[in-house]
Amino acid sequence: MDSSEREQYRAAIHGDREAFEMIIRTHSRTLFAIAYSILQNREEAEDVVQDALVRAWKTRWRVRDPAKFPAWLATVARHRAHDIFRKRRAVPFPPETIETNETEITNTEAVDQQLHTALAALPELHRAALTLRYFEELDYRTIENTLGLSNGALRGILGRALAALRKQLRPALASLE
Amino acid sequence: MATIHNEIDDWLAADVHGDLSKDERSALHAHLVECATCRKANEENKVMNKILEETLAQEKPDPAFEQRMLAGFRGRIPQRSGLARLLVDLMRLRPVQITAVAAILLALVQVGRVITGERSTIPRSREYYANEKFFRQQPSQVAPGIGLAGGLDKSDELAAGRSRDLSLQAPPPSLPASRSDFHENAKMPATIVAPAKAAQPEAAEMLGRSASPENLARVEVAEQKPADASAPVLANRKLIRNATVQLEIVSFDDALQRITAFANEEHGYVATTSSEKQANGKLRGEVVVKVLPEKLDRFLQKLRGLGELKNQTLGTEDVTKGYFDTDARLKNARVMEQRLIDMLKTRTGKVADLLQVEKELGRVREEIEKMQGDLQYWDSQVQFATVTVSLAEKDMEEPAAFLLKERGQLSLYAPDVEKIYNEAKALASPKVQITNAQLNRDYSGRVSATMSVLIAPEESDAVISRVKGLGRVENFQMQTQRIAQGGNGMSENAKTKRDKVELNITISREEQEQALQQTSLRIRTSAVDEKAKELRTLAEKQGGRVRNSTFNRDPDGRELANVWLRVPMKNYFALMQSLNSLGKVENVSVQRQDRTGTQIDEASAPADISIQVYSQGNIISHESGLLATLRRTLTQSAGAIMWSLRMIGVAVAFLAPWAIAIVAVVWIVRRIAQKRRSKS
């Protein structure tokens with residue numbers, strides 16, 4: 001993290017609205033990826049990001065160390081997403097998801113479907129790492145910073161996540177080829 | 001490489017994600033060439049990566065996402081208005097923050113001051129005072145210089161005029177020498193006065209530089225007392241200086257001699273001396289010395305060497321104004337006198353008028369003489385400083401004599417108080433004076449007497465021993481007090497004198513005397529009443545008396561008699577022996593009260609014996625036998641059970657609330673856990 005970034009975080013914590021808006025510009029996609037990894041739903045994820053940003057602005061004074069600002073933002077977003085997730089679990093699954101399985105689908109759509117199922121089965125942290133990687137094409141360093149992981153741990157997580165997906169989707173992949 | 005093979009998933013993922021370093025990449029590729037499984041995994045992984053990229057790219061937020069987020073944020077957190085924003089922006093600056101904190105602290109301090117009632121303007125007012133002082137000081141430094149410069153010429157002239165007059169009239173013996181000094185001194189300041197704005201020490205230095213030995217000595221004095229440095233400058237003013245000194249010295253005569261020597265050295269003289277001899281042979285006195293004012297300080301310095309300085313005061317009285325007023329009036333009066341004389345010479349007018357003139361002339365002359373006398377007196381006072389030296393020899397407070405005061409307290413016991421009382425009264429003589437005698441008899445027939453006697457010292461021992469012989473001495477105390485006369489503290493030489501002895505005598509009946517020895521014992525016998533009577537006769541045989549006795553019989557047929565006897569100590573053992581004839585003697589306990597320090601006639605001292613004569617009753621108690629034992633056992637065990645029941649009750653009461661609380665907590669925790677489980 002360079003000093004200008006750090007200065008930006010500091011200014012934002014101290015209530016500089018412009019600095020905070022700048023952070024919104026640079027970080028909202030990351031937050032979206034995290035929210036999405038938990039919720040698997042774009043609208044909800046967007047709402048979560050919006051809520052998280054507002055909440056972060058209101059409680060920005062809680063952050064002591066400016067360097068930890070991005071990680072803290074991610075945490076806020078994750079908590080918010082979990083809240084939404086828990087609320088959603090309380091109501092039963094909408095019936096249409098079951099219906100789509102029954103309809104005629106193409107191969108690629110089947111793969112898509114299977115991929116989503118496989119993704120849903122992954123541990124949350126794995127999913128977050130994957131989404132950060134594939135949504136934003138972030139390099140490992142940034143992902144590590146955002147999720148608060150070491151390089152080795154991140155490599156393991158992504159490796160295992162990919163391997164798990166690979167194994168689950170092997171038949172579908174074969175058919176695709 | 002085994003590690004790569006084992007962790008192939010991680011390696012492959014890092015490879016497709018471009019996180020491998022160059023070396024790592026070549027190592028991985030080398031392994032892929034070797035290992036078919038891993039190669040296959042690699043292929044699959046690449047496909048997987050591609051699918052993921054394609055699929056998740058669809059889910060990626062659209063390009064307007066950030067704008068939407070921003071708009072949403074702005075919509076939900078409205079911008080502040082201009083002023084508020086400016087303030088917030090300002091507060092973001094460090095210096096502004098520091099200033100704000102400082103301002104708040106200051107405000108708090110001010111509030112604190114208001115609350116405690118402290119005045120906040122103190123620093124300013126102090127500054128103000130300092131300034132004022134400074135301004136006041138400056139003129140005061142300049143003024144004397146100017147004042148002197150103006151005033152000196154005149155007064156110098158006058159002083160010169162006066163001194164010339166004086167020298168014509170009555171020159172004191174040491175005057176000529178010191179007079180010239182005086183003039184020198186008076187003129188010197190006049191030359192100095194021009195640069196008198198310079199500080200005083202500098203002036204003193206200048207004085208010193210005009211090197212005459214006399215002046216050097218003065219500088220010494222000036223240095224010791226900077227405040228006096230202006231004294232020479234004011235020398236032509238009419239100042240009367242006097243000092244008093246109190247000294248404690250070893251020998252008065254010695255000190256007086258040395259003071260006279262000092263006075264001569266300083267061209268002064270001893271005016272008066274007085275001394276007084278104290279009762280303890282020590283001398284106290286006063287010496288009045290006249291010295292020249294400018295030598296006063298040195299003289300005082302010398303005086304200190306004589307002994308211990310107790311007190312010293314130095315005073316100056318300024319008579320300048322009165323002096324010159326009188327001087328002027330004197331001149332006027334002289335002119336008047338001359339005129340009157342002229343009038344008489346021309347002898348015109350009537351005889352009555354001439355007489356009038358004559359009378360007037362007489363009055364004027366009288367006035368002139370009086371004024372001259374005043375001036376002369378002042379001159380002598382000014383010329384010489386008066387030093388009053390009070391001398392006191394060491395150990396002034398030592399007492400002259402000691403008086404031994406003896407006071408005695410004698411308590412007597414006697415069988416017949418009145419007889420002894422009269423005998424004691426008969427001792428009265430010129431050397432033995434009875435100051436107070438009193439005989440008291442109370443309603444129960446008890447008699448006591450008190451007497452106070454004053455005895456001449458030479459008779460005291462004989463009289464006291466005679467009084468002691470009248471009865472049995474219970475207590476005798478003698479108190480001696482040594483009183484210093486004419487001072488306090490100790491003295492080696494003072495004589496000691498014996499004063500009259502004061503003796504207080506108390507006589508009380510023997511009955512009231514405390515027994516020297518107390519014995520208690522029990523005698524078991526069958527016929528209690530009979531034995532008690534026998535006991536009485538036995539006691540009387542041995543010269544004792546029964547003081548008290550009781551007898552009682554209880555329903556079980558037991559009899560009990562208590563008898564209290566008093567016998568003289570000499571018959572005590574005989575009586576104890578004879579008691580054995582009465583029955584079985586039990587439980588003998590003896591208590592002796594030795595009064596240490598007092599000589600007691602032991603043989604006739606009283607001994608008290610308390611005897612309990614009793615008989616064993618012969619009726620068997622109904623509280624024995626098998627039934628009674630059984631009954632007792634049962635009652636006792638029932639009692640024990642009741643007691644343990646009570647204890648259990650207490651324990652339950654003690655523990656129950658805790659048990660209930662623990663059970664309740666456990667129940668609540670379980671309920672919460674259950675709920676959680678059902679939720680998840």
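**View 1. His17(B) sits in the loop between α2 (8-16) and α3 (22-34) of chain B.** Helices and strands here are DSSP runs (H or I, at least four residues, for helices; E, at least two, for strands), numbered from the N terminus. This is a predicted model, in which local features need pLDDT of at least 70 and side-chain atom pairs count only at pLDDT 80 or more, while totals for chains, interfaces and linings use all residues. Residues are numbered from 1 along each chain as its sequence is written, chains are lettered from A and ligands numbered from 1 in the order in which they are written, and side-chain values use heavy atoms, leaving out hydrogens and water. Is His17(B) buried or exposed? With a relative accessible area of 6%, His17(B) is buried (under 20%; exposed is over 50%, partly exposed in between; 1.4 Å probe, protein chains only). Its side chain makes a polar contact with that of Tyr134(A) at 2.8 Å (N or O atoms within 3.5 Å, one able to donate a hydrogen and the other to accept it; residues adjacent in sequence count only if both atoms are side-chain atoms). Beyond four places in sequence, His17(B) also touches residues including Arg133(A), Leu158(A) and Asn49(B) (heavy atoms within 4.5 Å).

**View 2. Leu130(A) is among the best-connected residues of the largest nonpolar core.** This core has 77 residues, and Phe69(A), Leu165(A) and Leu52(B) also rank among those with the most contacts inside it (buried Ala, Val, Leu, Ile, Met, Phe, Trp, Tyr and Cys joined through side-chain atoms within 4.5 Å). Helix α2 (residues 17-39) of chain A gives the largest share, 12 residues. Leaving aside neighbours within four places in sequence, Leu130(A) is in contact with Leu119(A), Leu122(A), Leu158(A), Ala161(A), Leu165(A) and Leu52(B).

**View 3. Glu21(A) and Arg17(A) meet in a salt bridge within helix α2 of chain A.** The N to O distance is 3.6 Å (side-chain nitrogen of Lys or Arg within 4 Å of a carboxyl oxygen of Asp or Glu). The partners are 4 residues apart, about one turn of the helix. Both count as buried, Glu21(A) at 6% and Arg17(A) at 11% relative accessible area.

**View 4. Arg566(B) forms a salt bridge with Asp608(B).** Their closest N and O atoms are 2.9 Å apart. Arg566(B) lies in strand β13 (residues 559-568) and Asp608(B) in strand β15 (residues 606-614) of chain B, so the pair ties together parts 42 residues apart in sequence. Arg566(B) is buried at 7%, and Asp608(B) is buried at 13%.
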